[in-house]
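This briefing walks through one protein model, with the points grouped by topic for reading beside the coordinates.

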Amino acid sequence: MAKYPTYGREEFPYGDEEAFKQVFFEAYENGREMVGCGKVADYIPELRKADYRSFGICLLKKDGSFLSHGDVETRFSMQSICKTVMLAVALRSFGFAKTFSHVKMEPSGDSFNSIIKLDTASNLPYNPMINAGAIQIASLLSTRFSFEELLGITKSFCMDDGITLNRAVYESEWETGDRNRAIAYLLKSKGVLQADPQQTLDLYIRMCSLNVTAKSLAGLGLILANDGQNPFTGEQLVHPRHIRTVNSIMFTCGMYDGSGEFGVKVGIPAKSGVGGGITCGVKGRMGIGIYGPSLDEKGNSIAGITALEHLSHLMHLSVFDYHPIPENGEKGRE
């Protein structure tokens, strides 16, 4: 039983650090109890090696304070979470109009690697958070950026200089990535892919194979929550209007075909990856990073979703919630 059950407009005691820690620990425990209800991704052989019992959650605030518990230092591959970085870089580099002339911005309602709508309903992928859309974005980026440049950008977005390429995951994914090859060549056949399919796939798979931690993803979440600015250095990494677009796409499409249910139950812009990660940003307040490789049937961390639902409900973190006492002391939303 939660110590501070809150409903409607009842206030959560944000200034009470012990209350904050209590709910955070409850969220971790609730999530940890769910790990046996999912399974690790197995369609990429290297991902099968993950321990399904692993679980960690990290919360990073704008003032630099953080809470963490569990496996928050474990390195794992970023997988689909890299799609948020690639979209932000595309928007920063090419602008809104050009970026979305190559990909749409609608939920697909299909699994992340589906080609049904791409083959039958549209020449352009439905959004940048499914594989087809991310491959399309990668083709655009590959005309201007090297992998090393995008690696450096990812390090700055995640506030983690320790991010490297996981060579074993990259090679495993390259060897078994026939479905992504099919997507790339289908895009080429439609005349919309912006670069050579092999060049595009190499960049995309390398980005998916970057080694991050739950702490890295909390850092990324904080950048997304803070209008694209690093609150510790003051550096504006992405224009606020582009971050608003990224967050909007994440909210509607970031949790695969479970995005609608996640939006109702949690209500925070988030992006998951089949490596077990989730990154999410609570507007103006905090970033949250999760590692939990035991996945539900949609491909999302089952422990992570459980923990986030607990945090969001008790702390009123949903974008649709009433916030009577923001942490910065300013007047809340009415």
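Which residue is the bridge partner of Leu59 in β2? It is Leu67, and this pair belongs to strands β1 and β2, which run antiparallel to one another and are joined over five bridges. The model is a predicted one, and in it the protein has 12 helices and seven strands. Of its 334 residues, buried ones make up 58%, and among contacts between residues at least 6 apart in sequence, 68% join residues at least 24 apart.

**The sheet**

- Five strands make up an open sheet, arranged in the order β2-β1-β7-β6-β5, and their pairing is antiparallel.
- The edge positions are taken by β2 (66-70) and β5 (270-272); each has a single partner strand, so one side of each is left without a neighbour in the sheet.
- On average, and with direction ignored, neighbouring strands of this sheet are turned by 10° against each other.

**The nonpolar cores**

- The largest nonpolar core contains 66 residues, and Met78, Met86, Leu141 and Phe157 are those with the most contacts inside it.
- At least two residues of this core are supplied by each of several elements, among them strand β1 (56-61) and the helices α2 (82-99), α4 (131-141), α5 (147-158) and α10 (240-253).
- Helix α2 gives the largest share of this core, namely nine residues.
- Leaving aside residues up to four places away in sequence, Met78 touches Val85, Thr154, Cys158, Met207, Cys208, Leu210, Val212, Leu220 and Gly273.
- A second core of 29 residues, separate from the largest one, includes Val23, Val35, Phe262 and Ala307.

**The cysteines**

- The structure holds zero disulfides, a disulfide being a covalent bond between the sulfur atoms of two cysteines.
- Cys208 is in no disulfide, and the nearest cysteine sulfur, which belongs to Cys82, is 3.8 Å away; because a disulfide is counted here when two cysteine sulfur atoms lie within 2.5 Å, that separation does not qualify.
- Cys208 is buried, with a relative accessible area of 1%, and Cys158 is likewise buried, with a relative accessible area of 1%.
- Both of these cysteines appear among the residues that Met78 touches.

**Lys83 in helix α2**

- Lys83 has its place in helix α2, and at 1% relative accessibility this lysine counts as buried, because the cut-off for that class is under 20%.
- The side chain of Lys83 makes a polar contact with the side chain of Asn131, at 2.8 Å.
- Apart from residues up to four places away in sequence, Lys83 touches Pro128, Met129, Ile130, Asn131, Ala134, Tyr204 and Lys271.
- Lys83 and Ile130 are 47 residues apart along the chain, and their C-alpha atoms are separated by 8.4 Å.

**Asn247 in helix α10**

- Asn247 is found in helix α10, and its relative accessibility of 15% places it in the buried class, because that value is under the 20% cut-off.
- A polar atom of the Asn247 side chain lies 3.0 Å from the backbone oxygen of Leu224.
- Residues up to four places away in sequence not counted, Asn247 touches Leu224 and Pro269.

Key. Residues are numbered from 1 along each chain as its sequence is written. This is a predicted model: local features need pLDDT of at least 70, side-chain atom pairs count only at pLDDT 80 or more; totals for chains, interfaces and linings use all residues. Side-chain values use heavy atoms; hydrogens and water are left out. A nonpolar core is a set of buried Ala, Val, Leu, Ile, Met, Phe, Trp, Tyr and Cys residues joined through side-chain atoms within 4.5 Å. Buried means under 20% relative accessible area, exposed over 50%, partly exposed in between (1.4 Å probe, protein chains only). Helices (H or I, at least four residues) and strands (E, at least two) are DSSP runs, numbered from the N terminus. Contact means heavy atoms within 4.5 Å. A polar contact is a pair of N or O atoms within 3.5 Å; within protein, one must be able to donate a hydrogen and the other to accept it, and residues adjacent in sequence count only if both atoms are side-chain atoms. Two strands pair if DSSP finds at least two bridges between them. Axes are lines fitted to C-alpha atoms, for helices over the stretch in contact, and angles run from 0 to 180 degrees between N-to-C directions.
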